[in-house]
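Welcome! Take a moment with the sequence and the model, and then let us walk through them together.

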Amino acid sequence: MKKFVILMLAVWVLSDSNQMDTVASYKIPKKNRIEKAAEQELLMTQDPELNAIPRERLLAAHKQITAASKTRSAADLMWTERGPNNVGGRVRAAIFDKNDTSQKTVFAAGVSGGLWKTSNIESSDPNWIQIDDFFGNLSVCAISQDPNNPNIMYFGTGEGYFEVDASPGMGIWKSSNGGSSWSHIAASSIFKYIQDLVVLDNGNIIVSSEKGVYRSTNGGSAWSKVLGTGKYAAVNDANDLELASDGTLYATMGIFSTDGIYKSSNNGFSWSKLTTGLPSTGYERIQISAAPSDPDILYSLYQDKVTNACKGIYKSNNGGATWQTMSNPGAVGMDNFARSQAWYNLSLDVDPNNPNTLMIGGIDLLKST
């Protein structure tokens, strides 16, 4: 899926308030200030008994509002731009569309902005279009395509790394027409935070979530837990999924908790923990990647539990049976390339044509050949 190239598309934009051109709040009438609008929206949306927003009810509410709005006109409304227009959104997932033989069409998932598409990623200035502004949840964090039927696509919602602006999801949406239209999978509403999603060659769906790793064998209509507390692993917090080119499935367990890397050779029905040569304590989040040109070559990237820097990079030449420690790069003038945010910013991938070329990302993006 050209994940090696996609990694370069995912940019986390950190905005320093001292460097941004801002409009002093006193220049805007109090009734028009954005924080007051947010407070009002919260009060209008939350259930007073729960003191929280019942997100599972939003889809029904949107349908009702849409039906009512068909009889109204917004032609006379006057709008004043409030921004922001200088802050980039986060992208945690993107795929090349398998329906496009030219390999120029890309879908990009916006953590706070829904699903986007460009038909020419090779353009010097790609034109991106929004697929839909009314999905019911716009926190798209994972996307995958059926390898044998690329018209079937899925995206998962909810950012589980819990930054202050992270938003919960409402499960998974499915498309059966190559991404032109999408529908919510009701049975997937059990998931609030989906970190990753893959579709196997047999059409089964595997998701990593706050509840563990789950599998569906019927297009999402029903789900069963295959990895997590009480199922091979020590915790439910599932992070990264990696499907090697030989069909072997890997999952990393632990977000703000310590567990490890697990391997399945039978489409997720059973799992074994990989430990030889890997740390046993002092870490939490783990990212993993398999070399597309050699499924036996794996790399893993560990977050240090104490410093939130990169604890280590590890490599396996035998499908995860044993691992060796690689050099741990420092950042340019900083604590390391993750800038003590490895719990939040951490990524790696392998060149699809060269198993010795590796890229890792935190705040900085680094490459080793």
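What pLDDT does the protein average? The protein averages 86, and 85% of the residues score at least 70; pLDDT is the predictor's confidence in each residue, on a scale from 0 to 100. Over residues 5-26 the pLDDT is below 50, and beyond near neighbours in sequence this stretch has 32 contacts in the model, a contact being heavy atoms within 4.5 Å. Where pLDDT is low, the predicted coordinates should not be read in detail.

Some ground rules will help. This is a predicted model, in which local features need pLDDT of at least 70 and side-chain atom pairs count only at pLDDT 80 or more, while totals for chains, interfaces and linings use all residues. Residues are numbered from 1 along each chain as its sequence is written, and side-chain values use heavy atoms, with hydrogens and water left out.

Now to the interior. The largest nonpolar core has 15 residues; such a core is a set of buried Ala, Val, Leu, Ile, Met, Phe, Trp, Tyr and Cys residues joined through side-chain atoms within 4.5 Å. Buried means under 20% relative accessible area, exposed over 50%, and partly exposed in between, with a 1.4 Å probe and protein chains only. Those with the most contacts inside this core are Ile-206, Val-213, Leu-227, Met-253 and Trp-271. Strands E12 (224-229), E14 (238-243) and E15 (249-253) each give two or more residues to the core, and the largest share, three residues, comes from E15. Helices (H or I, at least four residues) and strands (E, at least two) are DSSP runs, numbered from the N terminus.

Strand E15 deserves a closer look. Five of its five residues are buried: Leu-249, Ala-251 and Met-253 on one side, Tyr-250 and Thr-252 on the other. In a regular strand the side chains alternate between the two faces of the sheet.

Which strands pair with E15? E14 does so in the antiparallel sense over four bridges, and E16 in the antiparallel sense over five bridges; two strands pair if DSSP finds at least two bridges between them. Tyr-250 is the bridge partner of Glu-242 and also of Lys-263 in E16. E14 and E15 form a hairpin with five residues between them, where Gly-247 in the turn has a positive phi of about 90 degrees.

Finally, visit a loop. Gln-103 lies between strand E1 (91-96) and strand E2 (106-110). Gln-103 has a positive phi of about 60 degrees although it is not a glycine, and at 41% relative accessibility it counts as partly exposed.
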